[in-house]
Amino acid sequence: MEEIGRRDFFGLLAKGLGGLISTLLAVPLGGYLLSPVLRKAGEGGWVSLGRADKFAPGRPVRVEYSYEREDGWMKTKVSRYAFILRRPDGLVAFSPVCTHLGCSVGWNEEQKNFHCPCHGGVYDPEGKVLAGPPPKPLTQFDTKVEEGKLFIRVA
Amino acid sequence: MKKIYRFLDERLGLEAFANFWLKKLLPPSTNWFFTLGGAALFLFTVQIITGIFLALYYAPTPNGAYASVAYVQEKVLFGKIIRGIHYWAASFLMVIVPLHLLRVFFWAAYKKPRELTWILGVFLLLLTAAFAFTGYLLPWDQKGYWATVVGTNMMGLVPVIGEYILKIVRGGMELGALALTRFYAVHILILPALLVFFLGLHLFLITKHGSAGSWNESKNDLSQGFPFYPKQAARDLVIAFFLIAALLILSWKAGAPLDDIADPTDETYIPRPDWYFLFLFQLLKYFPGKLEIIGAIVLPGLFFIVLLLLPFIDKKPRRAPYRRPLAIFFGGGTVFALVLLTFLSIKEDRKLRAAQAEAARFDPILAQAGEKLFAQNGCEGCHEGDGRIAATGPSLIGAARRHSQEWLILHFKDPQSVSPGSIMPKFDYLREEEMIKLIHYIKSLKKLPPG
């Protein structure tokens, strides 16, 4: 009878310690793994796209820009492009990233709309979805005009 | 739950598996000394897990390595803790694995039929050291860089093929990008694969032959024994608990060191291996010049050959330490020598660092007085003073860093005594205080910006 009690004790001790040790390891490991989720998104910086008055009304204009981005432990110079449209109420900057699965959309001059090459998403010049699978209109950048120059805010 | 267990048991043989690994009977004499192997196993497991997590961020290039390790350390949640655990567990392994070997040695548990278990264990010790050595370079900081320069140079001492070994290990003559990717691949791919293989076999043989138990065979009656689980397992886990607690506290309070980024042009850095290789480092000091190979290759090589062959050298079945005086003498002597060498190395380093601190001491008032003496004694005739070029003598910039104060004073008194072939005249008429003033002036000399 006593022998069984001892065995139970060791069994409980082994299981308890096993659980405790696993927890002590799991907490830092879990936090480490979740670190990218828990990190606050940066404010992002403003990037100049040149003089604001060069964008005439009518159709979106493709503009390339590059900036230095924090990329984990390094800084990388990245090149991106955006579509700028002059509307009566001011300039709008569209991100070319399709809201479906992230392919890059292009401007189709003949049909006067944006086409995504991946799954056939189509957006009108205002970025609204006309056809295909995209769930949302094209994302717009925050914009500002300072000293005659157009700036967009990048992530 | 039970249904799932029965389903899996019928297909995988869980019951038989558990019986083999967990229910194996241990001799009644099995005690706390027999937890060292389990402790090593636990630490290896911790290393594999934390190592994989570190690899999520690590970039094995000279520029990326340091930056990515610093990033883990500073920006990743619990990054300091995970790296700290990995660092300290490596040090723990360099204690626990040898202690486990010593336990088996003093209990003479390597004898028939456990010779192969022992040999695999010796390879596991070598693997532990190889992990420590290759991992040391990966942060690409001063410590790791210079320790690896010296460590790999030792391999170059092997006769005839030394240079080839050096080139294979470093990927070329210099320690650079190619060496780093090599060390990285060995550390995270080759060594872990070998570890899993040797450790798996080692564990299998331990379980197959059972524990050797006490050296007093009358205490090893298995009919009086107990199964590994739960009693011995609980002991193993108590030790594992203290280990993880110590690792967490150390990584939280002390963390893992990260020196400045590796700088191959820094001649003032004193290269040192981590503490567990200091014995080897100290040993080399006793074999200067051509004899160096004895300390670097021959003695360590012989040591491992003897370790590997031990079960075949000491074959008699008697196991009690008092009945194996020769083995215990050599074993104890080796431990004593290793501890002594480590201790001496630490002690001598302390002196060296004090001397370096003295050399770094700089007094601008003495330097000013030295500058006057420099002019009065015509030193400028041969040496550049504050950057002016006078081509006869060598540049004095950095001379007070390259040489000790004692050396420089001897050199003033009789240049040829320490620098044979020197054409500098003796300045033995100067007083020592004046020489010290001149030394401080030399310390004040810095390279003028170009142009």
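The questions and answers below go through the two chains of this predicted model and the reasons for the terms used to describe it.

User: How do you know that chain A and chain B touch, and how many residues take part?

Analyst: Contact means heavy atoms within 4.5 Å, and by that cut-off 25 residues of chain A and 31 residues of chain B belong to the contact. The area buried between chain A and chain B is about 2,500 Å².

User: What makes up that buried area, and which kinds of residue does chain A bring to it?

Analyst: Carbon and sulfur atoms give 79% of the area buried between the chains. On the side of chain A that touches chain B, the residues divide into 16 nonpolar, five polar and four charged.

User: How many salt bridges and how many polar contacts are counted between chain A and chain B?

Analyst: A salt bridge needs a side-chain nitrogen of Lys or Arg within 4 Å of a carboxyl oxygen of Asp or Glu, and the count between chain A and chain B is zero. A polar contact asks for a pair of N or O atoms within 3.5 Å, and three residue pairs across the interface are found by that rule, with both residues at pLDDT 80 or more.

User: Why are β2(A) and β3(A) called paired strands?

Analyst: Two strands pair if DSSP finds at least two bridges between them. Strand β2 (residues 61-71) and strand β3 (residues 74-87) of chain A are joined by eleven bridges and run antiparallel, so they satisfy that requirement. One example is A:Glu64, whose bridge partner in β3(A) is A:Tyr81. The hairpin of β2(A) and β3(A) has two residues between the strands, and A:Gly72 in this hairpin takes a positive phi near 65 degrees.

User: What joins β3(A) to β4(A), and how do you know that they pair?

Analyst: A hairpin joins β3(A) to β4(A) through two residues. Five bridges connect β3(A) with strand β4 (residues 90-94) of chain A in an antiparallel arrangement, which meets the requirement of at least two bridges. Within this pair, A:Ile84 stands opposite A:Ala93 in β4(A).

User: Why do β5 and β8 of chain A stand at the edges of their sheet?

Analyst: Four strands of chain A form an open sheet in the order β5-β6-β7-β8, with antiparallel pairing. β5 (106-108) and β8 (129-131) each have a single partner strand, so one side of each is left without a neighbour in the sheet. The pairing of β5(A) with strand β6 (residues 113-115) runs over three bridges, and A:Gly106 stands opposite A:His115 in β6(A).

User: What makes A:Glu147 worth pointing out in the hairpin of β9(A) and β10(A)?

Analyst: Most residues other than glycine have a negative phi, and most peptide bonds are trans. A:Glu147, in the turn of this hairpin, has a positive phi of about 50 degrees. The hairpin has two residues between its strands, and β9 (residues 143-146) pairs with β10 (residues 149-154) in the antiparallel sense over four bridges.

User: Which peptide bonds in chain B are called cis, and where do their prolines lie?

Analyst: The bond from B:Lys112 to B:Pro113 is cis, with omega near 5 degrees, and B:Pro113 sits in the loop between α5 (79-106) and α6 (115-137) of chain B. Another cis bond joins B:Tyr229 and B:Pro230, with omega about 10 degrees, and B:Pro230 lies in helix α10 (residues 228-253) of chain B.

How values were computed: Residues numbered from 1 in each chain as written. Chains lettered and ligands numbered in written order. Predicted model: local features only at pLDDT ≥ 70, side-chain atom pairs only at ≥ 80, totals over all residues. Heavy atoms only, no water. Buried area = accessible area lost by both parts, 1.4 Å probe. Polar contact = N/O pair within 3.5 Å; in protein donor to acceptor, adjacent residues only side chain to side chain. Nonpolar A, V, L, I, M, F, W, Y, C, P; charged D, E, K, R; others polar.
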